[in-house]
Amino acid sequence: MNVSQEGASDVDFLCEEQLIKRLKLSSNSATPITCYQIAEKGHDLVDRIKKSDRMPVNDLVFAPGSRHLLRVEWDTAERKFFLLDDITGYSRESNATETEDVSYVSSAYIPQCLRHGGRPTLSNAHRAHESGMGEANTNLRDELDEVITLNSVSILVSEFIPFGANNMVAVNQNIGATERVQGGVYTMTMDEEPEDKFTVSIDPGLTRVEVLDFSLSNHCNFEADIHFPEDPGIVQIETFGLSVNSVGSCFYGMQIESVVDRIRDGISLDHLARLLVDVQIDSSQIVDSIISKYQRDVLSLLFTGDAPNRNKVKIIIANEIVPHLVAEEYMDRGEYENELKQVLGDTRTAFDISEHDVLIFGDNGLLLAGPNSRHHEPLLCAYLSMINIDLFLRSFFARYNLELQQMHRISAVISAPEDHPLAIPDTRESLVTTHRNVTMLEEILGYVDEALKQIHLPPEPPEQTGRALYERLDMVTIKAQLEVRTQDLYKMIRSCWNELKVLQDLTAQAADNRLFYLQQTVERNTKSLIALSELNQKGTFTLEIIQILLAGTLAFDILDRITGDWSVVNQDWMQGFYSAMLTDNPGLWFFMSLLAWVFVLLGVLFGLRHKTTQAKGNMFVEIEIGKFVNFSKLQLYLKNKKMESEEHLHERLGNHTVRIAWREEDKREWGGFAPLVALTYDEKTFYCSSVTVTYNRRQALKTLGLNASELKIKVLEDFDKGGVFAEVDGGSGGGVNPKGEVV
């Protein structure tokens, strides 16, 4: 964020004067948030502000030509703020996140206490004049008011990255420390398909590395030249000195040779603040190009995907600060403190450790200025090692809270799975991700614990200035607090595991409950289907009988049409019966008609019940095969079968499931009823999963009908006779494709 320290100071002043109210709250990641509201006194003061003074504010917060208050929105994809008006559709990009560049020349700087032999770092002092040769030198939009300047400035930026001995060995191998030609040019770009491509295309932005000294599993010191494209007119000759060790402390050092037109001395804090932004980002790009993918994943987890912009601790060492004042005078809540806030963040305290040396603490680091400042490099490096872990643990705690929030969201979803159709699969996927993250957090905590055990505090210096600095840094207390915080985080991680176990049990229970509910639903539906099937069968049989009767009626009608008005009652041999039944006794024929109707009805009902009884004799036999098929012989086997259906299922993972059903033709071989046989196999792997046989015992002969065991034996014998299933390598299963090749 491109924040004006003067503006932030003015806001603090308004709060002190009770013109603005402040509300402190915390986000779900335990990040502190401050909200502001105008107090009643502030409203009274605003009413007295002149219209001419209000106009710039109105232009900023209102849409043009309206009184619609603009809404601030963060675009995650573009990583920018936008000012929006939902009514008019007006949109404006904010430049609050745009950083300003300055031209500068730097040399590699590594404190001598971190060196273990090797050549000294090279100096770019002979190129210091180049920072003032560009057309623009800077793209600053503001007019700078220089209040404090520094002479002979060195910057030491540091962070903690989980390393360990094995990752340290990997880093030394990555930069070629063990090779004859050490170093090289590096990038974060990864070759995703190393076997399929012979060229790699990368964006501009490379790092040249030259190894100074190393120990295979303990440390490595090297120089890094940054070659990233800059805006036109900006000249940045950027050389870092990097020192990484197995403890996890990473130091990025830079000696400032010149900034814009200032060579070595008179470096403005305004310019230095812009330079530190470059150092913050470029140091991440340097180290990310040489560490392992696991370490990059760790950083991405802790910083929620924003690892390139992760915060670091910085120490600014200068031979002189101008103007040289008593330490308390720098904390004036005015122009001096605002200048210091640009490079140190919110300032906390300032101390005079000697007559000429001053120490100023800020949230993002410290400033040590004076002629004796460089004599205390061992103390400063030890202090940085612990402050790095302090900052790392803060990020760890924030990430822990995010995982805790995620588990609470999972618990809310799984507690009411009926409200979420995809609750079970989504919860399982979330649990897998959370489990992976908590596992990594526990591993990270192990690295931190190991680092605290390996950090050894330097002894208290004998001279007065060193003792004063040692006392102000208070490293013994800081280390003790870090150890307590680490153990506290261990307890939190254990609680995370317990919470995960409970969530896994709840998910399993919810899955069982849903499965039980589905089983009940399937059972109810099955019973309904069975009832409907019985009704359907009855309707089918009734329809068949009606069709028979209609066919007979039609046949008789056709004969009547052919014979005309001929009737049996016109024949002489029928006259006696006709007279006796119809003419002489008309009521008798009515009863004869009813009797005929009863006989026909009984015949129809008997046939319907016989058909229904036979339909209820179906027997379903499913045989699990678990063998591979000989595809060519299966095709020959199926040629002799009467196919009834063929189903194909092309699955998302590439499998091709086929279900073929046929009716056996010779019912005499099957006890008087030809069964329906269905074979299910995968055409991709030629693996047969099961065979299903449908057989009606009531339609088979009573003495020759087959039971379930006999059906199984008969079906398998028939398959063996046709050589459908393949046996390869003396009994081990294997499929045979259409070409006869074993798969």
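Which residues is aspartate 85 in contact with, leaving aside its neighbours within four places in sequence? Select aspartate 85 and look around its side chain. Outside that stretch of neighbours, the residues in contact with aspartate 85 are Ala63, Ser66, His68, Leu70 and Tyr90. Keep in mind throughout the tour that this is a predicted model.

**Stop 1: aspartate 85**

To place this residue, colour strands β4 (80-84) and β5 (91-93); aspartate 85 sits in the loop between them. Aspartate 85 is buried, yet it has no salt bridge. Now select arginine 71. Its side chain is the nearest one of opposite charge to aspartate 85, at a distance of 7.9 Å.

**Stop 2: the whole chain**

Zoom out and show the protein chain as a cartoon. It has 16 helices and 23 strands. Of the 743 residues in the chain, 41% are buried. Take the contacts between residues at least 6 apart in sequence: 66% of them join residues at least 24 apart. Switch to a surface view next. The accessible surface comes to about 41,900 Å², and carbon and sulfur atoms account for 55% of it.

**Stop 3: isoleucine 20**

Return to the cartoon and select strand β1, residues 20-26, where isoleucine 20 lies. Is isoleucine 20 buried or exposed? It counts as buried because its relative accessibility is 18%, and the cut-off for buried is under 20%. Add isoleucine 38 to the selection. The two isoleucines, 20 and 38, are 18 residues apart along the chain, but their C-alpha atoms are separated by 4.5 Å. Then show Leu14, Cys15, Tyr36, Gln37 and Ala39, which are in contact with isoleucine 20 when its neighbours within four places in sequence are left aside.

**Stop 4: a patch of negative charge**

Go back to the surface view and select Glu6, Asp10, Asp12, Asp145, Glu328, Glu329, Asp332, Glu335, Asp346, Asp352 and Asp363. These residues gather in a patch of negative charge on the surface. Two elements, α1 (5-16) and α7 (327-330), each give two or more residues to this patch. Which element gives the most to the negative patch? That is α1, with three residues. Pick out aspartate 12, which has its place in helix α1. With a relative accessible area of 30%, aspartate 12 is partly exposed.

**Stop 5: glutamate 337**

Select helix α8, residues 335-344, and find glutamate 337 in it. Glutamate 337 is buried and has no salt bridge. The nearest side chain of opposite charge belongs to lysine 341 and is 4.4 Å away. A salt bridge needs a side-chain nitrogen within 4 Å of a carboxyl oxygen. Next, show Tyr330, Met331, Asp332 and Thr347. Glutamate 337 is in contact with these four, leaving aside its neighbours within four places in sequence. Asp332 was also part of the selection for the negative patch.

**Stop 6: a nonpolar patch**

For the last stop, select Phe577, Tyr578, Leu582, Leu588, Trp589, Met592, Leu595 and Phe599. Together they make a nonpolar surface patch of about 720 Å². Helices α13 (572-583) and α14 (586-615) are the elements that give two or more residues to the patch. The most come from α14, which gives five. One residue to pick in helix α14 is methionine 592. Why does methionine 592 count as partly exposed? The reason is its relative accessibility of 35%, as partly exposed covers the range between under 20% for buried and over 50% for exposed.

Conventions. Residues numbered from 1 in each chain as written. Predicted model: local features only at pLDDT ≥ 70, side-chain atom pairs only at ≥ 80, totals over all residues. Heavy atoms only, no water. Patch = residues over 30% accessible without salt bridge, like charges linked within 9 Å, V, L, I, M, F, W, Y side chains within 5 Å. Areas by Shrake-Rupley, 256 points an atom, 1.4 Å probe, with all protein chains shown as cover. Lys, Arg positive; Asp, Glu negative; His and termini not counted. Charge placed at Lys NZ, Arg CZ, Asp CG, Glu CD. Helix = DSSP H or I, 4+ residues; strand = E, 2+ residues; numbered from the N terminus. Buried < 20%, exposed > 50% of the residue type's maximum accessible area, 1.4 Å probe, protein only. Contact = heavy atoms within 4.5 Å.
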